[in-house]
Amino acid sequence: SNYPHPPKINTSEELLALLDKNSNNALAELEKSSDAHFMEPWTLRNGEKIFFTMSRIAVVRGIAMNHIVHHRGQLSVYLRLLDVPVPGIYGPSADENM
């Protein structure tokens with residue numbers, strides 16, 4: 001397959017290091033970009049099959065950011081099921097002392 005495979009992660013520390021690395025790389029790419037670049041079209045495709053085309057800024061906001069929010073919601077459900085207090089996301093959670 002031509003698709004990249006994620007690295008094998010063995011510890012929480014390795015996972016956090018990979019998250020830090022990828023977050024820093026993504027932020028650097030965003031910072032060096034321009035408004036004009038974000039207004040250009042971007043296409044999601046699989047070979048010749050096109051799924052959609054929209055501006056890069058719409059993809060970042062509507063696809064990438066919403067996807068992160070979705071997974072944050074999944075994580076909070078998993079934490080609740082494991083009786084782990086949910087940390088604040090947009091301010092204190094119901095599990096934090098206010």
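Leaving aside residues up to four places away in sequence, Ser55 touches Phe38, Met39, Glu40 and Pro41. This serine is a convenient place to enter the model, which is a predicted one. Ser55 has its place in strand β2, and with a relative accessibility of 19% it counts as buried, because the limit for that class is under 20%. Glu40, one of the residues that Ser55 touches, is found in the loop between α2 (35-39) and β1. At 36% relative accessibility, Glu40 counts as partly exposed. The two residues are 15 apart along the chain, yet a separation of 5.3 Å is found between the C-alpha atoms of Glu40 and Ser55. Seen from the side of Glu40, the residues touched are Met54, Ser55 and Arg56, again not counting those up to four places away in sequence.

A step back to the whole chain helps to place this contact. The protein chain has three helices and two strands, and from the N terminus on these elements follow the order α-α-β-β-α. The C-alpha trace spans about 50 × 35 × 25 Å along its principal axes. For a compact globule of 98 residues, a radius of gyration near 13 Å would be expected, but the protein chain has 18 Å. Of the 98 residues, 6% count as buried; Ser55, at 19% relative accessibility, is one that does. Contacts tell a further part of the story: among those between residues at least 6 apart in sequence, 2% join residues at least 24 apart.

The surface of the protein chain can be described in a similar way. About 8,500 Å² is exposed, and carbon and sulfur atoms supply 61% of this area. The chain carries 9 positive and 11 negative charges, and the mean positions of the two groups are 8 Å apart.

The two strands also bring aromatic side chains into view. The count of aromatic pairs comes to one. This pair is formed by Trp42 and Phe52, with 6.3 Å from centre to centre and 50 degrees between the planes, and it is tilted. Trp42 lies in strand β1 (residues 41-46) and Phe52 in strand β2 (residues 49-55), so the pair ties together parts that are 10 residues apart in sequence. Both partners are partly exposed: Trp42 has a relative accessible area of 32%, and Phe52 has one of 23%. Strand β2 thus holds Phe52 of the aromatic pair as well as the buried Ser55.

Beyond the strands comes helix α3 (residues 56-81), where Ala58 is found. Ala58 is partly exposed, with a relative accessible area of 28%. A look back towards the start of the chain gives a sense of its reach: Ala58 and Ser12 are 46 residues apart in sequence, and their C-alpha atoms are 33 Å apart in space.

The segment after α3 contains Asp83, a residue with a notable backbone angle. Most residues other than glycine have a negative phi. Asp83 is not a glycine, although its phi is positive, at about 55 degrees. With a relative accessible area of 72%, Asp83 is exposed, whereas Ser55, with which this account began, counts as buried.

Methods:
Residues numbered from 1 in each chain as written. Predicted model: local features only at pLDDT ≥ 70, side-chain atom pairs only at ≥ 80, totals over all residues. Heavy atoms only, no water. Helix = DSSP H or I, 4+ residues; strand = E, 2+ residues; numbered from the N terminus. Rg over C-alpha atoms; globule rule 2.2 N^0.38 Å. Buried < 20%, exposed > 50% of the residue type's maximum accessible area, 1.4 Å probe, protein only. Contact = heavy atoms within 4.5 Å. Areas by Shrake-Rupley, 256 points an atom, 1.4 Å probe, with all protein chains shown as cover. Lys, Arg positive; Asp, Glu negative; His and termini not counted. Charge placed at Lys NZ, Arg CZ, Asp CG, Glu CD. Phe/Tyr/Trp six-rings, centres within 6.5 Å; stacked < 30°, edge-to-face > 60°.
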